[in-house]
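I opened a new page for this structure. My plan is to look up a few strands, one pocket and the cysteines.

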Amino acid sequence: LPADFTKLHLTDSLHPQVTHVSSSHSGCSITSDSGSSSLSDIYQATESETGDMDLSGLPETAVDSEDDDDEEDIERASDPLMSRDIVRDCLEKDPIDRTDDDIEQLLEFMHQLPAFANMTMSVRRELCAVMVFAVVERAGTIVLNDGEELDSWSVILNGSVEVTYPDGRTEILCMGNSFGVSPTMEKEYMKGVMRTKVDDCQFVCIAQQDYCRILNQVEKNMQKVEEEGEIVMVKEHRELDRTGTRKGHIVIKGTAERLTMHLVEEHSVVDPTFIEDFLLTYRTFLSSPMEVGKKLLEWFNDPSLRDKVTRVVLLWVNNHFNDFEGDPAMTRFLEEFENNLEREKMGGHLRLLNIACAAKAKRRLITLTKPSREAPLPFILLGGSEKGFGIFVDSVDFGSKATEAGLKRGDQILEVNGQNFENIQLSKAMEILRNNTHLSITVKTNLF
């Protein structure tokens with residue numbers, strides 16, 4: 001064993017950093033590409049029409065490469081065993097020799113472990129830069145004796161250990177659990193005897209001095225935004241590479257109002273996915289999406305914010321259209337937003353919105369029964385092939401069975417009782433609907 005590995009210590013808690021790190025350190029923030037889809041498909045569809053519209057800054061999806069080498073790289077990266085081999089290669093290097101790519105590989109692996117869960121990205125990155133790899137080959141090997149002085153904080157990467165306390169109580173720690181010093185330079189001692197339970201136990205160790213320095217310097221990387229004497233947002237300074245060219249502050253926490261306001265503010269080069277992240281997570285801290293919707297309509301009236309507001313709505317429609325389809329208030333919000341785009345003659349953005357809505361809407365089946373053929377229809381239609389359109393629902397009688405079944409203004413009727421309605425005259429469509437008492441109607445939201 002390396003000399004510095006014989007003096008590890010187990011705290012009473014499985015994750016000592018949770019109890020020792022102050023609340024300002026405990027925000028977990030993971031910067032990664034948002035899993036939501038981008039608008040690149042929409043841009044391509046309107047490329048010939050949008051003219052000189054500024055679409056800079058909107059994310060684009062990666063395209064598949066035809067290069068066989070790239071495919072092999074992807075296969076290797078998706079193989080968990082291969083991934084662990086890469087991580088081990090990075091760990092076995094001397095910390096001084098680790099490259100930025102090595103540290104990124106380690107970060108990707110470490111952020112999945114519970115021991116690192118409550119740490120900010122910059123803390124994890126610094127720990128990955130100084131951690132030392134250690135292996136205990138045999139099961140039953142004593143790793144720490146009771147009363148030994150500690151000099152590092154460690155995390156189990158493979159295998160498990162058992163701690164036997166002086167009172168006879170035992171505890172088992174496994175992959176992802178941490179043990180060792182707290183972030184202080186005071187002397188601490190092992191309680192109990194720690195033995196490996198299986199062969200090939202693997203650990204990463206961070207020397208006490210490094211652990212203490214990294215966790216206690218976190219405050220220097222923080223920027224706190226205050227309003228009326230209260231902290232409303234906390235940002236963390238990050239550098240994405242060692243050249244210093246890609247650095248800035250990333251939002252790690254804030255009040256609901258301040259996070260909403262940040263949607264239309266300038267975003268740092270290291271925080272390009274704030275809008276997507278917000279739209280994915282707002283449900284956990286806002287009671288209704290209309291809290292955001294009302295603000296966006298209000299900000300749209302400010303010419304300096306108009307493009308930013310439109311970008312937020314486009315991403316929202318493209319990534320989470322179900323927020324609008326199932327909510328009458330949000331449907332009205334979309335209609336009002338469309339009217340605003342029309343009023344301001346923002347034709348390119350309006351086309352993007354049309355295409356996004358049409359592409360994301362899902363087909364629904366509405367079943368209606370009329371008491372007789374002569375009974376009036378509980379909805380009004382418009383459109384028809386003679387006007388170059390499909391058949392659309394203009395309004396639905398309030399409180400009718402059609403409303404209860406989910407039919408609403410803006411629905412396009414695609415099919416009735418198996419008959420295609422996408423290219424049919426309005427008079428013919430009305431005749432079919434009137435002459436049947438049982439109606440099985442396939443519709444799709446198509447507000448515009």
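How many bridges join β3 to strand β6? I counted three, and the two strands run antiparallel. Strand β6 covers residues 178–180. One pair I noted here is Trp153, which stands opposite Gly180 in β6. I remind myself that this is a predicted model.

**Entry: the other partner of β3**

I then looked for β8, residues 201–207. β3 pairs with β8 as well, again in the antiparallel sense, over six bridges. I picked Ile156 and looked up its bridge partner in β8, which is Phe203.

**Entry: burial of β3**

Is β3 mostly enclosed or open? Strand β3 spans residues 152–158. Six of its seven residues are buried, so the strand is largely enclosed by the rest of the structure.

**Entry: cysteines**

Next I checked two cysteines, Cys201 and Cys205. Buried here means under 20% relative accessible area. Cys201 has 0% relative accessibility, so it counts as buried. Cys205 comes out at 6%, and therefore is buried too. How many disulfides does the structure hold? I found zero.

**Entry: a hairpin**

I moved on to β9, residues 222–227, and β10, residues 230–239. These strands pair in the antiparallel sense over six bridges. Within the pairing, Gln223 stands opposite Lys235 in β10. The hairpin of β9 and β10 has two residues between the strands. I looked at the backbone there and found that Glu228 takes a positive phi near 50°.

**Entry: the second largest pocket**

Last, I turned to a pocket. The second largest one holds about 370 Å³ of space. It is lined by 16 residues, and the closest to its centre are Pro328, Thr403, Leu407, Lys408 and Arg409. Which elements give two or more residues to this lining? They are α13 (328–343) and β14 (391–396). α13 gives the most, with four residues.

I sorted the lining by residue type. Four residues are nonpolar, five are polar and seven are charged. I also asked which domains the lining of this pocket draws on. It takes at least three residues from each of domain 2 (254–359) and domain 3 (362–444).

**Recap**

I want to keep two points from this page. β3 pairs with β8 over six bridges, and with β6 over three. The lining of the second largest pocket draws residues from both domain 2 and domain 3.

How values were computed
Residues numbered from 1 in each chain as written. Predicted model: local features only at pLDDT ≥ 70, side-chain atom pairs only at ≥ 80, totals over all residues. Heavy atoms only, no water. Buried < 20%, exposed > 50% of the residue type's maximum accessible area, 1.4 Å probe, protein only. Pairing = 2+ DSSP bridges. 1 Å grid on protein atoms, 1.4 Å probe; cavity = no way out; pocket = protein on both sides within 12 Å on 5 of 7 lines; lining within 4 Å. Points joined across faces, edges and corners; volume = space filled by probe spheres on them. Nonpolar A, V, L, I, M, F, W, Y, C, P; charged D, E, K, R; others polar. Domains from an automatic or database assignment. Disulfide = S-S within 2.5 Å.
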